[in-house]
Amino acid sequence: MDNFVNLVKLSVGSESVETLADWQATRAAQSDDGLPRHVTRMWPKREAEILRGGSIYWVIKGVIQCRQRILRLDEVIGADGIRRCAIVLDPELHRTVSALKRPFQGWRYLKPEDSPSDLPKSRETDDTLPDDLNRALAEIGVL
């Protein structure tokens, strides 16, 4: 049995894997060392399991489309004095097999055995399907 856990998170505002990558390339989305990060209000209770090899799976337009390896969790204190968690990520986005995901708030834990597989390297440059077609194919289990 795997001894790590993944996270799944909505990528609010992203239209595609490319727009997620574009956002993460901006200085506003990076930690002091230039790595992409996602700041969230809550600190994961399963931190040790996440840091043993977990990834964040990004839901874009209702479909899990990619993942990034989680490197560390940094404390961030906002201008309001509230402690937050910065999930610091490997810059490489790995496209995954499409998997439907209903809307939810925050993030959820995702067991390795329930996580979508990475696409083979030979398919990572495939043209992106239109959202409605991608969703329909994911619904019937083709993607």
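A residue counts as partly exposed when its relative accessible area lies between the buried limit, under 20%, and the exposed limit, over 50%. Asp80, at 47%, is therefore partly exposed. The model described here is predicted.

## Fold and surface

The chain has three helices and seven strands. Along the sequence they follow the pattern β-α-β-α-β-β-β-β-β-α. Of the 143 residues in the chain, 41% are buried. The chain exposes about 8300 Å². Carbon and sulfur atoms supply 51% of that area. Take the contacts between residues at least 6 apart in sequence: 69% of them join residues at least 24 apart.

## Nonpolar cores

The largest nonpolar core has 16 residues. Leu7, Trp58, Cys66, Ile70 and Ile87 have the most contacts inside it. Four elements each give two or more residues to this core: α1, β3, β4 and β5 (83-89). A second core is separate and has seven residues, among them Val8, Leu10, Val59 and Ile64.

What does Ile87 touch, leaving aside residues up to four places away in sequence? Its partners are Leu7, Pro36, Arg37, His38, Thr40, Ile70, Arg72 and Leu73. Two of these, Leu7 and Ile70, are also listed with Ile87 for the most contacts inside the largest core. Another partner, Arg72, takes part in the salt bridges described below.

## Salt bridges

The structure holds nine salt bridges. Three of them are set out here.

| Salt bridge | Closest N to O distance |
|---|---|
| Glu15 and Lys61 | 2.9 Å |
| Asp74 and Arg72 | 2.9 Å |
| Asp80 and Arg84 | 2.9 Å |

The pair of Glu15 and Lys61 links distant parts of the chain. Glu15 sits in the loop between β1 (6-10) and α1 (17-24). Lys61 sits in the loop between β3 (55-60) and β4 (63-77). The two residues are 46 apart in sequence. Glu15 is partly exposed, with a relative accessible area of 46%. Lys61 is also partly exposed, at 33%.

Arg72 and Asp74 belong to a network of salt bridges together with Asp33. Both have their own accessibility values: Arg72 is partly exposed at 28%, and Asp74 is partly exposed at 23%. The value for Asp74 lies above the buried limit, which is under 20%, so this residue is not classed as buried.

The side chain of Asp80 meets that of Arg84. As stated at the outset, Asp80 is partly exposed.

## Cysteines and aromatic rings

How many disulfides does the structure hold? The count is zero. A disulfide would be a covalent bond between the sulfur atoms of two cysteines. Cys66 is buried, with a relative accessibility of 0%. Cys85 is likewise buried, at 0%. Cys66 is one of the residues with the most contacts inside the largest nonpolar core.

There is one aromatic pair. The ring centres of Trp107 and Tyr109 lie 5.2 Å apart. Their planes meet at 75°. Planes over 60 degrees apart count as edge-to-face, so the pair takes that label. Is each partner buried or partly exposed? Trp107 is buried, with a relative accessible area of 12%. Tyr109 is partly exposed, at 29%.

Note on methods
Residues numbered from 1 in each chain as written. Predicted model: local features only at pLDDT ≥ 70, side-chain atom pairs only at ≥ 80, totals over all residues. Heavy atoms only, no water. Salt bridge = Lys/Arg side-chain N within 4 Å of Asp/Glu carboxyl O. Buried < 20%, exposed > 50% of the residue type's maximum accessible area, 1.4 Å probe, protein only. Core = buried A, V, L, I, M, F, W, Y, C linked by side-chain atoms within 4.5 Å. Contact = heavy atoms within 4.5 Å. Areas by Shrake-Rupley, 256 points an atom, 1.4 Å probe, with all protein chains shown as cover. Disulfide = S-S within 2.5 Å. Phe/Tyr/Trp six-rings, centres within 6.5 Å; stacked < 30°, edge-to-face > 60°.
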